[in-house]
Amino acid sequence: MATTEQKVDPSLLGAIKGDHKLKHVDTSEKNPLPSMEDVNQEKHHQQVLDGVNNFDKSSFHHTETKERSILPDTSILAEEKKRETHLQDINKFPRSELKRTISQEKNVLPDVQTLAQEKTIQNINQFDKTGLKKAETVEKKVLPNSDDIGQEKKETELRKSIGEFDKENLKHTTVQEKNPLPPKDTIDLEKKQMEFENSIQSFQRASLKKTNVQEKSCLPSKEDIEAEKSGKA
């Protein structure tokens with residue numbers, strides 16, 4: 001409680017702790033009534049539902065549905081007429097005006113790669129197997145050299161020493177976490193940054209002077225205009 005009184009204004013704490021004479025108030029819930037527009041809308045909606053439910057179906061008149069065939073437009077008629085004319089021209093065409101032609105089948109020659117592949121397959125099929133000599137396969141086991149044996153021996157001894165290690169020879173150690181202090185350059189840089197931010201926050205805008213900005217458009221000189229004209233010419 002002492003810590004709170006140091007941080008908060010004592011006059012404010014005294015006002016809070018003082019004796020206040022409050023009056024008892026009863027809270028009542030109020031249901032807002034709907035507006036005139038809402039009542040009329042609900043009434044109209046109910047009338048529509050009642051009219052649909054109480055509608056007399058006997059007042060309907062019997063009607064007959066007539067199917068109508070829609071005539072094609074001018075573009076479809078023109079396309080159909082053009083197609084019929086084309087078919088008639090084909091049927092009326094005199095075949096006697098046609099000239100007899102003889103079709104010639106051309107054999108495309110294979111390329112160099114295809115010829116080489118076919119020749120290789122032919123040579124394999126025609127190869128004389130009787131000229132081959134019988135050979136026996138001998139499996140040879142390559143023995144390790146002295147370096148490999150020494151390395152394997154060291155690895156075996158290392159594994160054996162790890163497995164037979166006596167844990168009672170270990171000493172208890174306490175781990176201490178150390179927070180390294182920042183160097184002097186970092187502290188100075190952070191101090192300058194804080195001073196800069198504080199100077200920005202405490203800056204007095206009233207010390208600024210009002211200035212009027214004037215826009216000036218610099219017209220080209222006579223020499224610039226003549227040089228521009230001569231360049232375009």
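Reader: Where is the place of K43 in this structure?

Author: In this predicted model, K43 sits in helix α3, which covers residues 36–53.

Reader: Is K43 buried or exposed?

Author: The general idea is that a residue counts as exposed when its relative accessible area is over 50%. K43 has a relative accessible area of 52%, and it is therefore exposed.

Reader: What separation is found between the C-alpha atoms of K43 and T85?

Author: These two residues are 42 residues apart along the chain, and their C-alpha atoms are separated by 70 Å.

Reader: I should like to turn to charged pairs. How many salt bridges are counted here?

Author: In general, side chains of opposite charge can pair when their charged atoms come close. In this structure the count is one salt bridge. The side chains of E155 and R159 form it, with an N to O distance of 2.7 Å.

Reader: Why are E155 and R159 separated by about one helical turn?

Author: Both residues belong to helix α6, residues 146–163, and they are four residues apart in it, so about one helical turn separates them.

Reader: Which of the words buried, partly exposed and exposed applies to E155, and which to R159?

Author: E155 is partly exposed, its relative accessible area being 36%. R159 has 59% relative accessibility and counts as exposed.

Reader: Which residues form the negative surface patch?

Author: The idea here is to look for like charges at the surface. In this structure E223, D224, E226 and E228 form a negative patch. One of these residues, E228, lies in helix α8, which spans residues 222–232. With 48% relative accessibility, E228 counts as partly exposed.

Reader: Finally, how many aromatic pairs does the count give?

Author: The count comes to one aromatic pair. It consists of the rings of F55 and F60, whose centres are 5.3 Å apart.

Reader: Why is the pair of F55 and F60 described as tilted?

Author: The general idea is to compare the ring planes: under 30 degrees apart they count as stacked, over 60 as edge-to-face, and the rest as tilted. The planes of F55 and F60 stand at 45 degrees, so this pair is tilted.

Reader: What is the relative accessibility of F55 and of F60?

Author: F55 has a relative accessible area of 46% and is partly exposed, while F60, at 57%, counts as exposed.

Notes: Residues are numbered from 1 along each chain as its sequence is written. This is a predicted model: local features need pLDDT of at least 70, side-chain atom pairs count only at pLDDT 80 or more; totals for chains, interfaces and linings use all residues. Side-chain values use heavy atoms; hydrogens and water are left out. Rings of Phe, Tyr and Trp (its six-membered ring) pair if their centres lie within 6.5 Å; planes under 30 degrees apart count as stacked, over 60 as edge-to-face and the rest as tilted. Buried means under 20% relative accessible area, exposed over 50%, partly exposed in between (1.4 Å probe, protein chains only). Patches are made of residues with over 30% relative accessible area and no salt bridge: like charges are joined within 9 Å, nonpolar side chains (Val, Leu, Ile, Met, Phe, Trp, Tyr) within 5 Å. Accessible areas come from the Shrake-Rupley method with a 1.4 Å probe; for residues, only the protein chains shown count as cover. A salt bridge is a side-chain nitrogen of Lys or Arg within 4 Å of a carboxyl oxygen of Asp or Glu. Lys and Arg count as positive and Asp and Glu as negative; His and the chain ends are not counted. The place of a charge is taken as NZ of Lys, CZ of Arg, CG of Asp or CD of Glu. Helices (H or I, at least four residues) and strands (E, at least two) are DSSP runs, numbered from the N terminus.
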